[in-house]
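Q: I've just opened this one and I'm not sure how to read what I see. Could you walk me through a few features?

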Amino acid sequence: MRKMNLVIVGGGPAGLAAAKAAYDCGERDILILEREAELGGILNQCIHNGFGLHTFKEELTGPEYAQRYIDQVVERGIEYRVNATVIDVSKDKVVTYVSAVDGLTQIQAKAIILACGCRERPRGGINIAGMRGAGVFSAGTAQKLVNIDGYMPGKECVILGSGDIGLIMARRMTFEGAKVKAVVELMPYSSGLNRNIVQCLNDFDIPLYFSHTVVDIKGKDRVTGVVVAPVDEKLAPIMDKAELIECDTLLLSVGLLPENELAKQGGVELSNVTGGAVVDENMMTNIDGVFECGNVLHVHDLVDFVSAESENAGKCAVAYINGLESCAEKIAINCTNGVRYCVPTQLNRDDNYQPLNFKMRVANVFKKVELAVFADGVKVFGKKRPVVAPGEMESINLTAEQVETLKKAQHIEITLIK
């Protein structure tokens, strides 16, 4: 069995950023394991621009953004394996992977960073009726077909869900000559960024139907149309108002699920809300020395935020390797009154009072609210927002003094004051 200080599972933007930060903190014994043939993760198929404005202060495409981090990893001589699939992460930090080059390999690690990303929710996860004809794709699969493989999924399509990938694919399919007849969204608001609604739908006169869903898929061998119906306040379809939209393709953009199967195997505690791990401010899970970052922890808006979070995970992993002990007592962060979740999920009750950044999402669209943090009923932080929405991640920056107040409290609450 090989021994290493730090093993990073995933060579996408999260894993690359974590590895780079760990190296810059002095750690040299690092291994990145990536199951795909190349480093870069999902960014390799995201050929649209809009990446890097926060991190590099310029607008890049997905592959350009990934290449910046790949170059930094290569320049530092950080070891990595591609076509290497991790099949197990144990509670005692043994990583087992398989590859054509190394065969079945086990590594005893001092610290592990899980940066496995996320996957799309499939058709089976939303129970749409109809035959299993050709022409139903997840939006990400369609993106790979068009951008990497050079195939068109279809000529006339409907997109279910207004997630960012679905919105971007509405524009991409239009660029390639397809007719996007509608984007259908179950909720009364979009789950994607507002800028993508403007740039990908409004600019191309693609209709967006809120409070609608697909209730049936027509066609046996190939999709010939989808039945779309409005929904009531309980999200139940109103069938007498259903209508048929003729199309040959249905793209699903109905949510992302963190790839946390390895975390489950290793005994990592997961959040019921995000599906990601329960972590403290050091990005450490309930298993000492196992960290999590990026979209496997919670789904981000921008890859720039993934990079920042993952660099923090890399720094904290090095601190753990160098002797930082895990704090036995932790304080849960309670999210109430419209705040859906917050990362970190809990704080260590220690005397490390460093400035902290909290990321969170709300459960609905709220206007003219204050995002507030309370410690034992006393407001520690408040930020007024004209509007908050589930599709836009909210951020809170706390000073060292505010963090000290929270860590000395018995009850921490993040809430919306309406």
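**Reading the model, feature by feature**

A: Sure, let's start with a residue on the outside: Asp205 has a relative accessible area of 70%, so it counts as exposed, the cut-off being over 50%. Keep in mind as we go that this is a predicted model.

Q: Where along the chain is Asp205?

A: Look in the loop between α5 (194-201) and β14 (208-209).

Q: What is there to notice about the phi of Asp205?

A: First the general idea: most residues other than glycine have a negative phi. Asp205 is not a glycine, yet its phi is positive, about 55°. Lys368 is another case, with a positive phi near 50°. Lys368 sits in strand β25, and at 73% relative accessibility it is exposed.

Q: Is Glu370 buried or exposed?

A: Glu370 is buried, because its relative accessibility is 13% and the cut-off is under 20%. You'll find Glu370 in strand β25, which covers residues 366-375.

Q: Which side chain does the side chain of Glu370 make a polar contact with?

A: That of Lys379, at 2.9 Å. If you skip the neighbours within four places in sequence, the residues in contact with Glu370 include Lys379, Gly382, Thr415 and Ile417.

Q: Now the peptide bonds. Which form does the one from Val343 to Pro344 take, cis or trans?

A: In general, most peptide bonds are trans. The bond from Val343 to Pro344 is cis, with omega near 5°. Pro344 lies in the loop between β22 (339-343) and β23 (346-348).

Q: How do I read a sheet?

A: The strands of a sheet pair through backbone hydrogen bonds, and they can do that parallel or antiparallel. Here, take the open sheet of 4 strands: its order is β10-β15-β16-β17, and the pairing is mixed. The edges are β10 (129-130) and β17 (243-246); each has a single partner strand, so one side of each has no neighbour in the sheet.

Q: How many bridges join β10 to β15?

A: There are 2, and these strands run parallel; β15 covers residues 212-218. To find one of the pairings yourself, go to Ala129 and look for its bridge partner in β15, Asp216.

Q: Last one: which residues form the nonpolar patch on the surface?

A: Ile87, Val98 and Leu104, which together have about 260 Å² of accessible area. Val98 belongs to strand β7 (residues 94-99), and with a relative accessible area of 31% it is partly exposed.

Technical notes
Residues numbered from 1 in each chain as written. Predicted model: local features only at pLDDT ≥ 70, side-chain atom pairs only at ≥ 80, totals over all residues. Heavy atoms only, no water. Buried < 20%, exposed > 50% of the residue type's maximum accessible area, 1.4 Å probe, protein only. Polar contact = N/O pair within 3.5 Å; in protein donor to acceptor, adjacent residues only side chain to side chain. Contact = heavy atoms within 4.5 Å. Patch = residues over 30% accessible without salt bridge, like charges linked within 9 Å, V, L, I, M, F, W, Y side chains within 5 Å. Areas by Shrake-Rupley, 256 points an atom, 1.4 Å probe, with all protein chains shown as cover. Salt bridge = Lys/Arg side-chain N within 4 Å of Asp/Glu carboxyl O. Pairing = 2+ DSSP bridges.
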